[in-house]
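Reader: Hey, I'm new to this one. Can you put it up and walk me through it?

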Amino acid sequence: MAKNDAPKTAITPTRAEDYAEWYQQVVRAADLAENSPVRGCMVIKPWGYALWENIQRELDRMFKATGHKNAYFPLFIPKSFLEKEAEHVEGFAKECAIVTHHRLVAGPEGGLVPDPEAKLEEPLIVRPTSETIIGAAFASWVQSYRDLPLLINQWANVVRWELRTRLFLRTAEFLWQEGHTAHATEEEARAETMQMLDVYGTFAEEFMAMPVIKGPKTASERFPGAVDTYAIEAMMQDRKALQAGTSHFLGQNFAKASGIKFQTAKETEEYAWTTSWGVSTRLIGGLLMTHADDDGLILPPRLAPAHVVILPVLRGDDTKAKVMEYVDAVAAELRNTSYAGRPIEVEVDKRDIRGGDKQWEWIKKGAPIRIEIGPRDVDGNVVMVARRDRGTKDKATLGRAELVTKIPEILADIQNGLLAKAKQHRAANTKRIDDMKEFEKFFTAKNEDKPEIHGGFALAHWSGEPEVEAHLKDKFKVTIRCIPLAGIDGVADAKDLQEEGRCIVSGKPSRQRVVFAKSY
């Protein structure tokens with residue numbers, strides 16, 4: 001193929017040419033978000049926020065189905081609260097934004113300055129997470145074993161002062177949910193931790209079409225102050241791992257720090273056992289990097305803000321009324337149809353712009369189905385249908401009478417196909433490795449100046465020594481993503497992963513294989 005005949009794409013550079021820049025360009029082209037005037041923060045635009053609302057709605061339904069209730073807690077946390085749990089304060093100290101004054105006054109050289117007379121008695125931390133402030137509330141709410149379990153979730157924003165940011169993946173302020181629960185026994189709290197890990201895993205696979213590996217993190221990767229941290233880990237198209245959600249068993253650490261005590265049925269006093277768990281707008285970044293291509297975003301139908309976009313093709317004023325009447329009728333029929341228990345969302349693009357520009361805008365935004373309707377379609381009582389998961393020129397004619405049955409079937413096929421494709425990608429780039437030279441080759445780019453896409457998930461043995469983790473992180477920027485709890489589709493079953501062996505670095509005995517990867 002001659003150089004000038006190379007296929008053109010809507011997004012440049014392509015994934016293969018510069019994955020990091022490709023990601024930024026897809027976010028921009030899909031009109032999901034943009035950088036704000038506040039360094040490190042983002043403005044989430046309507047299409048991106050609608051996607052978050054759909055994520056929020058489905059997760060909220062799942063939380064409530066497991067007995068949790070929503071509440072809201074203060075944005076500001078007294079510094080003394082954060083200091084109550086030693087590991088917690090150490091883990092978040094470098095990321096905290098602090099409020100020290102409650103008023104501004106005119107400065108001597110113009111502008112505004114903090115009023116020296118308005119200094120707070122105690123600085124307030126803008127919440128990086130809410131264990132400590134919610135712990136204070138739980139301490140007053142819980143008196144007896146009859147008050148337990150306490151199952152609370154909040155949808156909120158948090159601030160972690162990141163210096164190197166990327167839209168959705170890592171920003172100084174982001175949106176999330178954080179669940180916090182208190183229990184009478186360790187057994188109940190551990191069951192809660194695993195239940196919510198399963199909720200996240202189910203959501204990722206069934207709604208995001210993003211396959212994940214569930215398992216505990218190593219001690220060095222645990223949430224500050226937790227006894228155990230569990231995560232769902234997904235492989236992105238550049239073969240790096242994304243931690244997409246976490247569930248923490250906190251033991252009695254935060255209960256002791258916050259004074260969450262209760263009287264047992266035997267009239268003794270004990271500290272509660274607590275958990276916390278959360279996912280954030282990082283999921284949007286994960287969804288993008290799992291499914292998008294070099295023409296833009298591809299949305300799984302179960303989360304798409306619009307399932308179907310109808311594009312009227314208007315040839316002149318004399319046919320406009322006829323076409324628009326037909327378009328509105330088709331839209332109404334589809335809206336009265338459901339897919340996956342949700343009414344089909346239809347958007348009719350009536351803007352007076354070129355048809356080609358409309359087509360490409362919705363391709364880049366990832367709408368699952370595009371329907372074109374022009375005068376000839378009206379005359380033939382048909383529509384032209386294009387699927388986002390196929391080539392941009394791949395279109396099919398459907399009779400109007402078929403729409404209400406065929407469109408839900410097509411949406412289901414797209415959803416299932418995206419999950420299958422993501423699983424195939426993970427399987428193709430996951431490898432059992434028992435030799436250190438092979439491990440080094442797997443995680444070393446051939447082009448050091450401009451690294452190409454390389455690596456993936458290495459299933460290798462680990463002795464349990466933190467020194468091994470530190471060595472691999474320092475030398476290869478590779479970390480242990482999790483210790484798998486179950487087999488991995490298309491790669492290995494549970495028995496295979498739990499076989500005994502020798503550590504990839506030290507050669508010491510190892511109980512099972514763990515997942516090594518470069519990550520976000």
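Author: What follows is a quick chat about the fold, a few elements and the empty spaces. This is a predicted model, where local features need pLDDT of at least 70, side-chain atom pairs count only at pLDDT 80 or more, and totals for chains, interfaces and linings use all residues. Residues are numbered from 1 along each chain as its sequence is written, and side-chain values use heavy atoms, with hydrogens and water left out.

Reader: Cool. How many helices and strands does the protein have?

Author: There are 15 helices and 29 strands. Those are DSSP runs numbered from the N terminus, with at least four residues for a helix (H or I) and at least two for a strand (E). The protein is as compact as a globular protein of its length, because its radius of gyration is 26 Å, close to the 24 Å that the globule rule gives for 520 residues. That radius is taken over C-alpha atoms, and the rule is 2.2 Å times the number of residues to the power 0.38.

Reader: And what share of the residues is buried?

Author: Buried residues make up 52% of the 520. Buried means under 20% relative accessible area, exposed over 50%, and partly exposed in between, using a 1.4 Å probe and protein chains only.

Reader: Which residues of helix H8 are buried?

Author: Ten of its ten, in a helix that runs over residues 282-291. Among them are Arg282, Gly285, Met289 and His291. The cover over H8's buried residues includes helix H1 (19-29), helix H2 (46-65), H6 and helix H12 (403-428), along with strands E13 (241-251) and E16.

Reader: You mentioned H6. Is Leu197 buried or exposed?

Author: Leu197, which sits in helix H6 (residues 186-206), is buried, with a relative accessible area of 0%.

Reader: What is Leu197 in contact with, leaving aside neighbours within four places in sequence?

Author: Its contacts (heavy atoms within 4.5 Å) include Lys214, Tyr230, Ile232 and Leu485. Also, Leu197 and Trp277 are 80 residues apart in sequence, yet their C-alpha atoms are 8.2 Å apart in space.

Reader: New topic: what does strand E22 pair with?

Author: E22 pairs in the antiparallel sense with strand E21 (residues 369-373) over four bridges, and in the antiparallel sense with strand E23 (residues 395-399) over five bridges. Two strands pair if DSSP finds at least two bridges between them. On the E21 side, Ile369 stands opposite Arg387; on the E23 side, Met384 has Thr397 as its bridge partner.

Reader: Why is E22 largely enclosed?

Author: Because five of the six residues of E22 (residues 382-387) are buried.

Reader: How about holes? How many cavities of 30 Å³ or more are there?

Author: One. A cavity is a set of points, on a 1 Å grid over the protein atoms alone, where a 1.4 Å probe fits but cannot get out, and lining residues have an atom within 4 Å of a point. The largest cavity holds about 90 Å³, a volume being the space filled by probe spheres set on the points, which are joined across faces, edges and corners.

Reader: Which element gives the largest share of the lining of the largest cavity?

Author: H5, with four residues. The lining residues of that cavity include Glu131, Phe138, His180 and Thr275.

Terms used
1 Å grid on protein atoms, 1.4 Å probe; cavity = no way out; pocket = protein on both sides within 12 Å on 5 of 7 lines; lining within 4 Å.
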